[in-house]
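Here's a friendly tour for anyone meeting this chain for the first time. Take a moment to turn the model around before reading on.

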Amino acid sequence: MPFYRTDELKTGTLVGEDDYGNKYYQNPMYFMGRSRWVEYSPAVGMDYDGSQVPPEWHRWLSYMSDEPPTVAKLVKYPWMQKHTENLSGTPQAYVPYSTVPAKIQAWTPPPKKR
């Protein structure tokens with residue numbers, strides 16, 4: 001595991017990889033809460049974010065489940081959407097627009113007479 005990605009040197013067993021290229025590791029010799037971690041995909045470089053972890057892996061990383069999604073598959077319903085990261089603060093962020101006209105109009109002073 002590269003040192004520059006997590007600011008610490010860890011050794012562990014590769015547990016699995018998700019569809020986005022993130023790799024998940026575990027070392028039970030570390031303290032609880034520090035024994036599972038993710039190495040983000042090289043495609044995102046240093047611009048990684050916690051919202052890039054899919055829900056099934058988040059469940060395992062947060063110790064909600066003892067078995068990773070490679071062992072215990074979660075039920076997929078037809079109405080479920082594919083995971084997307086949070087795009088807030090990026091150019092792709094959703095910005096709603098208003099169809100209601102403004103209640104306050106900007107005032108433009110009249111030109112001065114000379």
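What follows goes from the overall build to the strands, and then to a few single residues.

**The overall build**

Keep in mind that this is a predicted model. The chain's secondary structure adds up to two helices and three strands. If you walk along the sequence, you meet them in the pattern α-β-β-β-α. The chain is more spread out than a compact globule, because its radius of gyration is 23 Å, well over the 13 Å that the globule rule gives for 114 residues. You can also see this in the C-alpha trace, which spans about 85 × 40 × 25 Å along its principal axes.

How much of the chain is buried? Buried residues make up 23% of the 114 residues. On the outside, the chain exposes about 9,600 Å², and carbon and sulfur atoms supply 57% of that area. As for contacts, take those with a separation of 6 or more: residues 24 or more positions apart account for 45% of them. Then there's charge: the chain has 13 positive and 12 negative charges, and the mean positions of the two groups are 16 Å apart.

**The three strands**

Let's start with strand β1, residues 13-17, which pairs with β2 in the antiparallel sense over four bridges. Within this pairing, L14 stands opposite Y25 in β2, and G16 stands opposite Y24 in β2. The hairpin of β1 and β2 has five residues between the strands, and G21 takes a positive phi near 95° there.

Strand β2, residues 23-26, also pairs with β3, again in the antiparallel sense and over four bridges. Here K23 is the residue that stands opposite E39 in β3.

Which residues of strand β3 are buried on each side? Strand β3 runs over residues 36-39, with R36 and V38 buried on one side and W37 and E39 buried on the other, so both of its faces are covered.

**Four residues to look up**

Now for some single residues, with their places and accessibilities side by side.

| Residue | Where it is found | Relative accessible area |
|---|---|---|
| N22 | loop between β1 and β2 | 3%, buried |
| S51 | loop between β3 and α2 | 19%, buried |
| Q26 | strand β2 | 23%, partly exposed |
| Y63 | segment after α2 (55-61) | 23%, partly exposed |

The cut-off matters for this table: buried means under 20% relative accessible area. S51 counts as buried because its value is 19%, whereas Q26, at 23%, is partly exposed.

N22 is a good one to click on. Not counting residues up to four places away in sequence, N22 touches G16, E17, V38, E39, Y40, S41, Q52, V53 and P54. How far apart are the C-alpha atoms of N22 and Y48? They are separated by 10 Å, with the two residues 26 apart along the chain.

Q26 has its own set of partners. Leaving aside its neighbours within four places in sequence, Q26 is in contact with G12, T13, V15, S35, R36, W37 and W60. P78 is another matter: Q26 and P78 are 52 residues apart in sequence, and their C-alpha atoms are 31 Å apart in space.

S51 is in contact with H83, T84, E85 and N86, once its neighbours within four places in sequence are left aside.

Last comes Y63, in the segment after α2. What is the phi of Y63? Y63 has a positive phi of about 65°, although it is not a glycine. Some background helps here: most residues other than glycine have a negative phi.

**Wrapping up**

If you'd like a short route through the model, start at the hairpin of β1 and β2 and find G21 with its positive phi. Next, follow the pairing of β2 with β3 and look at the covered faces of β3. Finish at Y63, another residue to inspect for its positive phi.

Note on methods:
Residues numbered from 1 in each chain as written. Predicted model: local features only at pLDDT ≥ 70, side-chain atom pairs only at ≥ 80, totals over all residues. Heavy atoms only, no water. Rg over C-alpha atoms; globule rule 2.2 N^0.38 Å. Buried < 20%, exposed > 50% of the residue type's maximum accessible area, 1.4 Å probe, protein only. Contact = heavy atoms within 4.5 Å. Areas by Shrake-Rupley, 256 points an atom, 1.4 Å probe, with all protein chains shown as cover. Lys, Arg positive; Asp, Glu negative; His and termini not counted. Charge placed at Lys NZ, Arg CZ, Asp CG, Glu CD. Pairing = 2+ DSSP bridges.
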